[in-house]
Amino acid sequence: MKVDIIISADHIKDEYLSNKVVVVIDMLRATSVITTALANGANRVIPLLTVEEALELAKQNRKYYILGGERKAVKIEDFDLSNSPLDYSSELVSGKDVILTTTNGTRAINACHKAKRIFIGSMLNGKAIVEKLQDLNEDVVFVNAGTVGQFSMDDFICAGYMINCLMEHSKVQLSDIAFTAKYIYENNSNIIDYIKNASHFNILKSLNLHDDIDYCMQKDVFYIVPEYRNGEIVNAV
Ligand code: MLT
């Protein structure tokens, strides 16, 4: 199994993805939101690029859809929920379809349509994702959503965590960048200490979203494998 990493949504190219299994990571916070919403009983998450598209779809059945997401890490006007995973409680999302639009995460997911399969990963479901990759035993690309087209330390160490788990029971061939992510993970047992220098971490901190940060850092809280196909994210089979 070959393992590689793409460092941001701006770096995704179709030819890097064809015939590959992809894991999209935006641990702060979009992929943590998606994982939490499905774990708390949402039927599906529909990741859209624009606020306009999201509002248009929600209009079709405003009581049924939950509209969530952010711009500049802040809740969007007329939306139900922000991009805080803590908003996506089972009371609010169970049995509902969540429409989500975020700056980087939903953009990265939509840009991966050429991949063979597209899973959604975070610290919260890292081990579940790894076990799925081990079952499939195909070449993998971890697509880091990054921060407005730039590399982001948080997504990188999250990929390193999954690569580290993957190597425990599989024979893998790492690209240089995949090796580096694993190295960074292994040498930073305190993840917060490492990502405290990340630009997006500091934006969330400046908005007093400390609880979100602590929540997203937790490893393997949920055993679910969200998969994007045909425009929606559901639990993989
Ligand atoms: C994104 O998709 O850009 C992020 O999840 C931003 C955020 O933390 O809200």
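1. A quick definition before anything else: a residue counts as buried under 20% relative accessible area, as exposed over 50%, and as partly exposed in between. Phenylalanine 151 has a relative accessible area of 36%, so it goes down as partly exposed. Bear in mind throughout that this is a predicted model.

2. On to the ligand. It sits in the largest pocket. There are 13 residues around it, and Arg29, Thr102, Asn104, Gly105 and His200 are the ones that come nearest. By class, the shell splits into 4 nonpolar, 6 polar and 3 charged residues.

3. Three polar contacts to ligand oxygen atoms are worth a look in the viewer. Aspartate 26 puts a polar side-chain atom 2.8 Å from an oxygen atom of the ligand. Asparagine 83 also uses a polar side-chain atom, again 2.8 Å from a ligand oxygen. With alanine 30 the backbone does the job: an N or O atom there lies 3.0 Å from an oxygen atom of the ligand. As for cover, the ligand has 270 Å² of accessible area on its own, and the protein covers 99% of that.

4. Now the rings. The count comes to 3 aromatic pairs. One of them joins tyrosine 64 and tyrosine 65, with 5.6 Å centre to centre and 65 degrees between the planes, which makes the pair edge-to-face. How buried or exposed are the two partners? Tyrosine 64 is partly exposed at 28% relative accessible area, while tyrosine 65, at 12%, counts as buried.

5. Phenylalanine 151, from the opening point, pairs with phenylalanine 156. Why is this pair edge-to-face? The planes stand at 65 degrees, and the cut-off for that label is over 60, so the pair qualifies. The ring centres are 4.9 Å apart, within the 6.5 Å needed for pairing. Phenylalanine 156 has 5% relative accessibility and therefore counts as buried, whereas phenylalanine 151 is partly exposed.

Methods: Residues numbered from 1 in each chain as written. Predicted model: local features only at pLDDT ≥ 70, side-chain atom pairs only at ≥ 80, totals over all residues. Heavy atoms only, no water. Near = heavy atom within 4 Å. Polar contact = N/O pair within 3.5 Å; in protein donor to acceptor, adjacent residues only side chain to side chain. Areas by Shrake-Rupley, 256 points an atom, 1.4 Å probe, with all protein chains shown as cover. 1 Å grid on protein atoms, 1.4 Å probe; cavity = no way out; pocket = protein on both sides within 12 Å on 5 of 7 lines; lining within 4 Å. Sits in = over half its atoms within 2 Å of the grid points. Nonpolar A, V, L, I, M, F, W, Y, C, P; charged D, E, K, R; others polar. Phe/Tyr/Trp six-rings, centres within 6.5 Å; stacked < 30°, edge-to-face > 60°. Buried < 20%, exposed > 50% of the residue type's maximum accessible area, 1.4 Å probe, protein only.
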